[in-house]
Amino acid sequence: HCYLSLSNVLFNHADPADVIVATELSAKAANLSPAAPHVRLTAVQVWIKYTYHQDHSLLSLLGHFRLAVEILPRISWTGVNLQTRFQQLLDASGIGCDAAAVAIASGQHELALEWLEQTRSIIWSQTLQMRAPLDDLELTYPDSAKRLRDVWSILDGPNPDSISATQ
């Protein structure tokens with residue numbers, strides 16, 4: 001966390017030497033395996049931003065996105081509350097599209113497709129896992145569980161206009 005905070009301060013100084021150090025610190029934070037996965041993922045996102053700002057190297061960015069995709073399955077740890085898990089997934093939801101865009105720009109179309117499918121699968125499976133506690137709710141409060149399932153089905157529906165039609 002300290003690496004990431006310091007890198008943000010240095011990056012904002014606009015001194016080219018500070019930007020290089022900021023990039024190195026964000027890389028250290030991203031690769032620090034004992035760090036919490038959501039911290040590492042944030043660090044990778046910062047590292048991507050700083051690397052792009054520095055040299056626009058697509059090959060460097062591919063490696064950074066590879067690490068982001070590797071970290072992604074670990075961000076929604078079940079030991080944190082549900083709201084935090086949803087927020088972490090929301091924060092990470094654009095990783096797949098960004099990674100695929102860089103892969104396509106690098107001419108690696110198969111990798112782009114792989115990353116899109118992998119990240120979509122991770123985000124959806126973790127989102128669905130967070131719905132499992134509803135089964136416990138149903139045992140104690142079946143009416144509340146039914147209402148919540150109804151809301152989820154509306155939100156998952158193909159047409160956002162269907163929300164107002166059912167109210």
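**Helix H4 against helix H7**

Hi everyone, let's start with one helix pair: the axes of helix H4, residues 58-71, and helix H7, residues 109-129, come within 11 Å and cross at roughly 25°. Angles under 35 degrees count as roughly parallel, so H4 is roughly parallel to H7. As for handedness, H4 passes H7 in a left-handed crossing. Please keep in mind that this is a predicted model.

Now, which residues make the contact? On the H4 side they are Leu62, Phe65, Arg66 and Val69. H7 answers with Leu111, Trp115, Gln118, Thr119 and Ile122. If you sort that contact by class, you get six nonpolar residues, two polar ones and one charged one.

And why did I open with an angle and a distance? Two packed helices are described by the angle between their axes and the distance between the axes.

Let me step back to the whole chain. How many helices and strands are there? The protein chain has ten helices and zero strands, so reading from the N terminus you simply get α-α-α-α-α-α-α-α-α-α.

A few overall values to finish. The protein chain has 167 residues, and 35% of them count as buried. Its accessible surface comes to about 10200 Å², with 59% of that belonging to carbon and sulfur atoms. As for contacts with a separation of 6 or more, residues 24 or more positions apart account for 55% of them in the protein chain.

That's my tour, thanks for listening!

Technical notes. Residues are numbered from 1 along each chain as its sequence is written. This is a predicted model: local features need pLDDT of at least 70, side-chain atom pairs count only at pLDDT 80 or more; totals for chains, interfaces and linings use all residues. Side-chain values use heavy atoms; hydrogens and water are left out. Axes are lines fitted to C-alpha atoms, for helices over the stretch in contact, and angles run from 0 to 180 degrees between N-to-C directions. Helices (H or I, at least four residues) and strands (E, at least two) are DSSP runs, numbered from the N terminus. Angles under 35 degrees count as roughly parallel, over 145 as roughly antiparallel, 65 to 115 as roughly perpendicular and the rest as oblique. A crossing is left-handed if the near helix is turned anticlockwise from the far one by less than a right angle, and right-handed if clockwise. Contact means heavy atoms within 4.5 Å. Ala, Val, Leu, Ile, Met, Phe, Trp, Tyr, Cys and Pro count as nonpolar, Asp, Glu, Lys and Arg as charged, and the others, Gly among them, as polar. Buried means under 20% relative accessible area, exposed over 50%, partly exposed in between (1.4 Å probe, protein chains only). Accessible areas come from the Shrake-Rupley method with a 1.4 Å probe; for residues, only the protein chains shown count as cover.
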